[in-house]
Number of protein chains: 2
Amino acid sequence: MTNLFENISERNMLKLKRILRSNSVKYRKNVNVVSNVNLDDFIALIDSGSVQLIYTDYEGNKTVVEELGAGEIFGTLTSSINSEEISCITKEDTQITYIEYEQITNDEIFKNDFYIIFIKNLIRILIEQMNRRNTRIELLTKRTTRDKLLAYFKQMAQEMGNKRYYLQTTFTELADYLSVDRSAMTREIKYLKEEGFIDIHGKRVIINY
Amino acid sequence: MTNLFENISERNMLKLKRILRSNSVKYRKNVNVVSNVNLDDFIALIDSGSVQLIYTDYEGNKTVVEELGAGEIFGTLTSSINSEEISCITKEDTQITYIEYEQITNDEIFKNDFYIIFIKNLIRILIEQMNRRNTRIELLTKRTTRDKLLAYFKQMAQEMGNKRYYLQTTFTELADYLSVDRSAMTREIKYLKEEGFIDIHGKRVIINY
DNA sequence: TGTAAAATGTTGCAAATGCAACACAAATTT
DNA sequence: AAATTTGTGTTGCATTTGCAACATTTTACA
């Protein structure tokens, strides 16, 4: 996973942050980050900790659009945060660096040769996030909980490079991610075990397909 | 919707395309575009026409991840096309310009002042596509066909700026987009009409909520 | 360390949904 | 203009699913 300042020296990173007029803010757990910000379009870089982007519809239903950890970015542009239906909640103590979107192409920055690396990193991060969205869409378009689970476990096995691995999430989170009822999911996992598709004990997963 | 060469003069665009070593290819309808390409990572710009990004899973099930029209981009990086589960089919006669990803940051291009505009356009396009993915995820995470439809019609009304508008898609396409059974969707739309949430005649939609 | 909060597993039941199989209309192709 | 393909509307039925309401275990934290 790409870091926004990958392949940029500590020295140049500090210079870059200054030129970009970035500023860093620390938050406690379970805080709505975006309500504190009054910039125009911005990019927010998670220095440490993690956040959830949560969409709330007109009826008050909430859906977690994405979970982001250290090194990842979000912003008004990538998630229409300014549309006030999206909120951004810290899952733990978190530090975030804000960069105004316009600063990314300011005059001063353009003169530095590490700028090109920065831009490439930024583009690559956007692309990685897009791929993660695509992956989730593939799962969400499966019609049955069974198919979602089978595809998910398969994806994970591919990512881990092994048909035996440990789940990285809780089952509750997984149900949210797949957008299915948690108890119904538990039931389906039981069936999948009984039919021999998978073995699961605790967080240890083994897939047989 | 941003165009990759927005705010760049015709003259500079041609220069840019040359520097980027881009090449354009014409395709007929219903052709798999990506199978013809043997580049490394690339960005493909749709000059005219439209394509569908289709994901095929290990069982042969197909899901349309995204539909793209003129001015939009796709590529190995934004959609893991090289993972050979994704194919890209033209929906009509289509012209595509290919740009190798590495060329985007080549030495020559960096000297031109319109380069910065190009990069900003590219980033903005990526961001727009991300927003479209987010929007779809919001819909797909709704648990019932009813909620998907209500949210979709509402979104469309917001986009159009009017509670009365014409559907831009066929109902068959809409069912695919929302990932529900078409006939079950038709049934649900009937109920929504009967209960007065919406009026639909042909492609004319009026929402009452 | 004790208590509160979160996660997990289970089950009955009603509701929603996919599926299949139609008929018919509209659009596209030859 | 005829033929083929694609889109639309309908319905019965079996299956899947969400929901609610539990008990129990595990984790977090004051």
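How do the residues of the surface near DNA strand D divide into nonpolar, polar and charged? Keep that in mind while you set up the view; the tour comes back to it at the last stop. One caution before you start: this is a predicted model.

**Stop 1: the two protein chains**

Select chain A and chain B, and color them separately. Superposing chain B on chain A takes a rotation of 180° with 0.0 Å of shift along its axis, and the RMSD is 0.1 Å. That is the relation of a two-fold axis. If your viewer can draw a symmetry axis, this is a good moment to add one.

**Stop 2: where the chains meet**

Now select the residues of each chain that touch the other. Here 31 residues of chain B are in contact with 31 residues of chain A. On the chain B side, the elements giving two or more residues are strand 4 (62-68), helix 2 (76-79) and helix 3 (115-140) of chain B. Highlight helix 3 of chain B, since the largest share of this side, 16 residues, comes from it. Coloring by class shows 15 nonpolar, 10 polar and 6 charged residues on the side of chain B that touches chain A. The copies meet through the same surface, because 97% of the interface residues of chain B are also interface residues in chain A.

**Stop 3: the sheet of chain A**

Hide chain B for a moment and switch chain A to a cartoon. Look for an open sheet of 4 strands in the order 1-7-2-5, with antiparallel pairing. Its edges are strand 1 (23-27) and strand 5 (73-75) of chain A, each of which pairs on one side only. From one strand to the next, the twist averages 30°.

Zoom in on strand 2 (residues 42-48) and strand 7 (residues 94-100) of chain A, an antiparallel pair with 6 bridges. To find your place, pick Phe42(A): its bridge partner in strand 7 of chain A is Glu100(A).

**Stop 4: strand pairs in chain B**

Bring chain B back and select strand 7 of chain B. Strand 1 (residues 23-27) of chain B pairs with strand 7 (residues 94-100) of chain B in the antiparallel sense over 5 bridges. Ser24(B) is a handy marker here, standing opposite Thr97(B) in strand 7 of chain B. Strand 2 (residues 42-48) of chain B also runs antiparallel to strand 7 of chain B, joined to it by 6 bridges. Along that pair, label Ser48(B) and its bridge partner Gln95(B).

**Stop 5: DNA strand C**

Next, select DNA strand C and the 16 residues that surround it; the closest are Phe171(A), Ser183(A), Thr144(B), Thr145(B) and Asp181(B). Elements giving two or more residues to this surface are helix 5 (171-178) and helix 6 (182-194) of chain A, together with helix 4 (145-160) and helix 6 (182-194) of chain B. Helix 6 of chain A provides the largest share, 4 residues. By class, the surface near DNA strand C has 3 nonpolar, 7 polar and 6 charged residues.

**Stop 6: DNA strand D**

Finish at DNA strand D. Of the 16 residues around it, Thr144(A), Asp181(A), Thr170(B), Phe171(B) and Ser183(B) come nearest. Helix 4 (145-160) and helix 6 of chain A, together with helix 5 (171-178) and helix 6 of chain B, each give two or more residues to the surface near DNA strand D. The largest share, 4 residues, comes from helix 6 of chain B.

And the opening question? The surface near DNA strand D divides into 3 nonpolar, 7 polar and 6 charged residues.

Notes. Residues numbered from 1 in each chain as written. Chains lettered and ligands numbered in written order. Predicted model: local features only at pLDDT ≥ 70, side-chain atom pairs only at ≥ 80, totals over all residues. Near = placed C-beta within 6 Å. Nonpolar A, V, L, I, M, F, W, Y, C, P; charged D, E, K, R; others polar. Least-squares fit on C-alpha atoms with pLDDT ≥ 70 in both. Contact = placed C-beta atoms within 7 Å. Pairing = 2+ DSSP bridges. Axes fitted to C-alpha atoms, helices over the stretch in contact; angles between N-to-C directions.
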